[in-house]
Every structure is written in C-alpha cells, then in structure tokens.
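Trainee: I have a model open and would like to go through it with you. Could we take it piece by piece?
Mentor: Certainly; please bring it up.

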Amino acid sequence: MQDTRAPDWRDDVIQDFARSELFERTFQEGMELVEETAAYLDGEGRQESKLLSRNAALAYAAESMRLTTRLMQLASWLLVQRAVREGDMKPAAACEARYRLNADETARNPDAEASRGDLPRGLTALADRAWRLYERVRHLDRRMYVDSETAEPTNPVLSHLDRLKSAFGG
C-alpha cells in the first residue's frame with residue numbers, strides 16, 4: 001500500500017494557501033460564477049437556445065455541458081480547500097488524486113471553437129470566464145500538489161533566516 005501522507009512542509013503550503021486572501025478571492029469568484037452560470041442556463045440561456053438552428057442548438061448543448069463540468073470541478077476543488085482551511089479535512093487527504101483537477105475532461109475542443117460564432121454571447125462569455133478561472137486554479141493545483149511531489153523540501157532554518165533578512169532589510 002502506498003503512503004499517501006503529505007510531508008509536513010506540503011501540509012504547511014496547503015494550509016497557508018487555504019487561509020490566504022488569494023484563496024478567499026478565488027473561492028468567491030468561483031462560487032459567484034457557478035451561481036451566475038446556473039441562473040443564465042435556467043433563464044436567459046434557455047430562452048436563447050430555443051431560437052438556435054439545430055446545429056447551433058447541438059453546439060449550445062455541448063458547450064453548456066463542458067461549462068457545467070468545468071465549473072463543478074472548480075467548485076469541488078475550492079470546497080476541498082475550504083474544508084482544509086476550516087479543519088474539516090487534513091491537508092494530506094486533500095493531496096489524494098480524486099481531489100485533483102482533471103484537465104482531460106474539460107479541455108477546450110477545437111471543433112467546438114469553430115462553431116462558437118453561432119452561440120449566444122452570454123454562453124460564450126461565461127465559458128471564457130470559466131476557462132480562465134479553471135486555468136488559474138489548475139496552475140495552483142499543480143504548484144501545490146503535483147509539482148511539490150517532486151520538489152525537495154526546503155531547509156526550514158534557512159527559510160526562516162531568509163524571511164527574517166527580508167523583514168529586517170538584511
């Protein structure tokens with residue numbers, strides 16, 4: 001059985017991020033985008049989709065599925081980080097692969113990109129915002145969980161000395 005415990009230094013990185021202003025802003029942005037998208041798809045988007053040609057309606061359905069999948073992955077990742085912040089989940093548990101973002105499932109589809117011109121601007125604007133947020137969170141995920149698996153832990157004494165030097169202009 002493989003040991004899935006995160007090293008102490010990674011626990012600190014994960015907890016520091018979960019308690020950061022960056023996390024708070026990202027969490028807020030993600031949850032607002034989920035709500036905005038749900039409201040659009042249930043309201044204005046539903047009405048707009050009824051006016052589309054058959055091919056455009058199929059493209060709309062595919063794009064809205066990609067969008068909701070992407071947003072659900074984002075929301076899940078953000079909720080895991082919040083669980084770490086609130087002490088409901090240990091950082092080591094957050095390192096499990098099932099909590100990582102899966103880029104393959106939500107990657108941009110070149111075929112769909114070609115037919116986006118037929119889609120309502122509301123849907124494409126939400127899809128673009130979700131993609132940008134997803135890419136930012138994927139970058140954070142890699143830095144915290146994937147890249148750090150191969151990174152050597154820093155010497156805590158030297159790290160503290162460097163911080164003291166920075167703080168006191170040394």
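Trainee: Which residue follows α4, and what is the sign of its phi?
Mentor: G87 follows α4, and its phi is positive, near 80 degrees. Helices here are DSSP runs of H or I with at least four residues, strands are E runs of at least two, and both are numbered from the N terminus.

Trainee: Before we go on, what kind of model is this?
Mentor: This is a predicted model, in which local features need pLDDT of at least 70 and side-chain atom pairs count only at pLDDT 80 or more, while totals for chains, interfaces and linings use all residues. Residues are numbered from 1 along each chain as its sequence is written, and side-chain values use heavy atoms, with hydrogens and water left out.

Trainee: How many helices and strands does the protein chain have?
Mentor: The protein chain has nine helices and zero strands. Along the sequence the pattern reads α-α-α-α-α-α-α-α-α.

Trainee: What percentage of the residues is buried?
Mentor: Of the 170 residues in the protein chain, 38% are buried. Buried means under 20% relative accessible area, exposed means over 50%, and partly exposed lies in between, with a 1.4 Å probe and protein chains only.

Trainee: Back to α4. What span does α4 reach?
Mentor: With 32 residues, α4 reaches 46 Å from its first C-alpha to its last, close to the 46 Å expected at 1.5 Å a residue. The expected span is 1.5 Å times one less than the number of residues.

Trainee: At what angle do α2 and α4 cross?
Mentor: The axes of α2 (residues 21-42) and α4 (residues 54-85) come within 10 Å and cross at roughly 145 degrees. Such axes are lines fitted to C-alpha atoms over the stretch in contact, and angles run from 0 to 180 degrees between N-to-C directions.

Trainee: Which residues make that contact?
Mentor: Among them are F23, F27, M31 and L33 of α2, and Y60, L67, L71 and R85 of α4. Contact means heavy atoms within 4.5 Å. By class, the contact of α2 with α4 has 14 nonpolar, six polar and three charged residues. Here Ala, Val, Leu, Ile, Met, Phe, Trp, Tyr, Cys and Pro count as nonpolar, Asp, Glu, Lys and Arg as charged, and the others, Gly among them, as polar.

Trainee: Which helix gives the largest share of the largest nonpolar core?
Mentor: The largest share, eleven residues, comes from α4. This core has 36 residues, and those with the most contacts inside it are L71, W77, M89, L123 and Y145. A nonpolar core is a set of buried Ala, Val, Leu, Ile, Met, Phe, Trp, Tyr and Cys residues joined through side-chain atoms within 4.5 Å.

Trainee: What is W77 in contact with?
Mentor: Leaving aside neighbours within four places in sequence, the contacts of W77 include F17, Y99, L101, V137 and Y145.

Trainee: New topic: is A94 buried or exposed?
Mentor: A94 is buried, because its relative accessible area is 0%. A94 is placed in α5 (residues 91-94). Not counting residues up to four places away in sequence, A94 touches V80, V84, M89, Y99, R100 and Y145.

Trainee: And R19, buried or exposed?
Mentor: R19 is exposed, because its relative accessible area is 53%. R19 is in the loop between α1 and α2. The C-alpha atoms of R19 and R85 are separated by 5.8 Å, although the two are 66 residues apart along the chain.

Trainee: Last one: what does A56 contact?
Mentor: Leaving aside neighbours within four places in sequence, A56 is in contact with D118 and L119. A56 lies in α4 and counts as buried at 4% relative accessibility.
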